[in-house]
Every structure is written in C-alpha cells, then in structure tokens.
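I opened this model to look up where protein meets DNA. My notes follow in the order I took them.

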Amino acid sequence: MTATLFALVDCNNFYASCERLFRPDLQGKPIVVLSNNDGCVVARSAEAKQLGVKMAVPVYQVMDMIRAHNIAVFSSNYALYADISNRVMTTLEHMVPRVEVYSIDEAFLDLSRLDRCQDITQLAADIRQRIQQWIGISVCVGIGPSKTLAKLANYAAKKYPMTQGVVDLRTTERQRRLMALTPIDEVWGIGRKIAQRLKLMGIHTALQLADAPPKLIRDSFSVTVERTVHELNGIACDDIQQLVATKQQIVSSRSFGERITHLTAMQQAINDYTCRACEKLRVEGQFARTLSVFIRTSYFTEHQPQYSQVLTGNLTYPSDDTRDFIALAQRLLSRLWREGYAYAKAGVMLGDFYAPGVFQLGLFDEVKPQPKSRALMNLLDSVNHSGKAKIQFAGQGLNADWSMKRNQLSPRYTTQWAHIPTVK
DNA sequence: TCTGGGGTCCTAGGACCC
DNA sequence: TCTGGGGTCCTAGGACCC
C-alpha cells in the first residue's frame, strides 16, 4: 500500500476578500460580511479581526465598533462568491489531477504518489502564487498524510505568519510538535460539546487526543471521533471524494425579516420556500417523495410563548412538480398552524429521493401525476434562470415584509451584465 | 428592536417480525 | 399471555461542518 498524502487549500477571509476584489479603495481597511437577514457577522477581513470583531456575533452588538472604525459592511452576495469560488477551483484542477471541492472556499487535493516526481512544498507555493495572481484571492495550504492533519497544517499556516502560508506535516516529528501546541477545539470534527467532555477526561491538546486509546474514545463518543484519533496518527480514514454525491435532502428555510403572526403570510412564505426547494430538486435531476414543514418562534425571546413543530407528509408517487409539493405543504401547514404566536422562522425539507424513472405507479392508484408536468417545469425554470423575468406561483406573494433583509448588498459584478464594474 | 442557512453522519429507541 | 433472543426498519435528535 502506498502512503496517502493530502493538501487542504483554504481561501483567506473568503467573503471579505471577494468584496475587496472590486473595491480597491478598501485595501487595508476593515470589512465584515453579514449572514442572511443581515443578522450576524460571518466573515471578517484581517483588519476587522484585529479590531476584535468576533465570528458569528450579532451585528447590533458591534455597531459601535463599526461606526468608530468605519468598518465596511456587506450583506452576503452568494452569486459573487460562488463565481469567484469556481475560478479558484478550476485553477486548482489545472494544477493537480484529483481535487475535492469541500466547501465554497476550501478544497482537498490528492498528492499521493505526486511526491515521487514533484517538490511538494514548491507545488504548494506555486498554487498560492497562481491563485493570488490570476484571481486576486490569497490562500493557505496545509499538507499531511490524512485530511485531518492537512486541516491542522492549514490552521497553522493561517495562524503563524512566518510559515508564509504553507505548512507541511509529512513527518511524524512535525505532526507531534504542532499537535502539542494545538488546543483540542481546533481539531477538525471536534466541536464545542465534545471538546468540553474531552477536557473533563484530561484531554486538552490535539496530541493528547492522538495518544488516547481509540477504543476508549469510541466507547465514550462515537466512531466519528475514533476516526479522528486515527487520522491524527496519520492513518487516512477518508479519501478524496471527486464525484459530487447526490443529496439526501434539500432544505429551504429562512428567518423572517419581520415576525409573522398571520396565516396568510405564513402560507406565502411556505409556498415560496417550497418553490425554491423544488427548483433545487430539479437542478439535482431527482424526484422526491416526502416533504416536511416546520414553523417556530424565536429562541431569543424567552418571555414570549414558544412554539416549534415539524410535520412530514408523503406523496403517493415521487415527483419534481412544484404543484404537488405546494399542495402537500399547505395541507401540513394547516395542521401545524397555531394562532397567537410571533413566528420567527419556517422552512421545508424534501427527502426520500428517487432517480427519474425508477419508480412505478401502482396499477390501481387513483392519483395520477400532474398533466404536462415536464414541459411546464422546464418552462418555469428556463424563464427564471434567464435573468429576464420571474414566473411565480400565485401563492408566493410579492415583496412581502417577511422576506429577507439584505440592505448592504454589493453588485453582482461577475454574473450580471448590468453590474459589470466600470473604470472612469 | 436587532441572533444565518444548508448540509451530513451517527445513535438510541420503538415497532414489528420470526 | 408469558418467556427470550435476534433481526430489520424507521424516526427523532444530537453533534458536527462551512
């Protein structure tokens, strides 16, 4: 068996860097990017981090700091980030044969066997340089014999400037030296809850976890954490996943810009989310059979009455026709709905997927698929993707006050002709 | 007043069967 | 009806990730 070798390439402050690409006036200035609904901070430039703006903090808590330091604030512009992300990933795919796009700003590379014919640290430096020069985004590269160690290397490359953005953990000695310095919370796969319990067991550093008996860890937690122990010891438990797995579920949910107290508004919101979920389903080329609807009040207003429920229903046959799911969603909502609450969030989930054509209607089923389904859905999607117009179902409502807040949205510089930046 | 959205995987427990 | 082991399937909930 040949030894495995991975790299993790991770963009630095990705959303903030994307915003800055088209705003050279913000060079060296602090930037934050907000979550949907302009709720909390999800990305910060180096300068904003320096000022002490924490990750995931609600905006209103840092408003004074934003004013005092003139921090540039942006709503999330996913159209822009997705496009820049594609450029980064394409560049990587030209440089190494096997790439796993892990998230919008990260990719794992398979370097196994590549180290026989290439200087790996030089390759890492080339990757950094090319992405910086071609796209204008700076990245860090971590190298190790397992994904977990590559992640750890990347963490170090970001944390310690003298590494120049590349950390190579091919030797056990370096692995152990870094792990001894790394708190358990920074290990990939160890979240808040498990970190807390590990600390009670006297395990505080990555190295202590690596040296813990796997059996004990499995019995105290789960196989997932046990795998992390192996991965920290350089035993790869997870390979590069080049093919994008088909989804198991599709979720469409949002917090409301303003609380919903009337059924009509909630019906509109649920219709809207159902339409979006079905669009995603058709992009996947799948059919679904189950749909769940949930509605809930806000966790954060403890003095007000709370309500949170989910209901799941089935179609008699798998479908990708929005009309089928709207009907089902509304039936579920009417059973879920309770008057007298201020609802903060709702959503729908599609599940139980089938490839088209693999299911069969029962001979005596009374329900028949919607007429002209394929043609209508194709038309709907092609018009909505054309950018020229939108077709909606009547139940979705127009410009509702519950819809998402995005007050600081930047232009879609790279994906809309009308938004292309001009140079004066 | 103001606190994201979209995923995956694993486990425990109940229903049901032989 | 009770006794018992062993298996499958499903769902809910918890934990994690970005």
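I began at E106: a polar side-chain atom of this residue lies 3.2 Å from a sugar or linking oxygen of DNA strand C. I count a polar contact as a pair of N or O atoms within 3.5 Å; within protein, one must be able to donate a hydrogen and the other to accept it, and residues adjacent in sequence count only if both atoms are side-chain atoms.

Before going on, I noted the ground rules. This is a predicted model, in which local features need pLDDT of at least 70 and side-chain atom pairs count only at pLDDT 80 or more, while totals for chains, interfaces and linings use all residues. Residues are numbered from 1 along each chain as its sequence is written, chains are lettered from A and ligands numbered from 1 in the order in which they are written, and side-chain values use heavy atoms, with hydrogens and water left out.

**Entry: DNA strand C**

I checked two more residues at this strand. S103 has a polar side-chain atom 2.7 Å from a sugar or linking oxygen of DNA strand C. For D105, an N or O atom in the side chain is 3.3 Å from a sugar or linking oxygen of the strand.

Which residues come nearest to DNA strand C? I found S103, K151, G189, G191 and I194, out of 13 around the strand. Of the atoms of DNA strand C that come within 4 Å of the protein, sugar and phosphate account for 100%. I call a residue near a strand if one of its heavy atoms lies within 4 Å of it.

I then sorted this surface by element. β5 (99–103) and α8 (192–200) each supply at least two residues. The largest share, three residues, comes from α8. Helices (H or I, at least four residues) and strands (E, at least two) are DSSP runs, numbered from the N terminus.

**Entry: DNA strand B**

I counted 22 residues around DNA strand B, with N36, R227, V251, S253 and S255 the closest. Sugar or phosphate holds 68% of the strand's atoms within 4 Å of the protein, and bases hold the rest.

Phosphate oxygens came next. R227 places a polar side-chain atom 2.6 Å from one. S253 has a polar backbone atom 2.5 Å from a phosphate oxygen of DNA strand B. For Q248, I read 3.1 Å, again from a polar backbone atom.

α11 (223–232) and β9 (250–260) each give at least two residues to the surface near DNA strand B. The largest share is from β9, with seven residues.

**Entry: the sheet**

I traced an open sheet of five strands, in the order β5-β6-β1-β7-β8, with mixed pairing. β5 and β8 (166–168) stand at the edges with a single partner strand each, so one side of each has no neighbour in the sheet. The twist averages 15° from one strand to the next.

How do β7 and β8 run, parallel or antiparallel? They run parallel, and three bridges join β7 (residues 139–144) to β8. I found V166 in β8 as the bridge partner of V141. Two strands pair if DSSP finds at least two bridges between them.

Methods: Axes fitted to C-alpha atoms, helices over the stretch in contact; angles between N-to-C directions.
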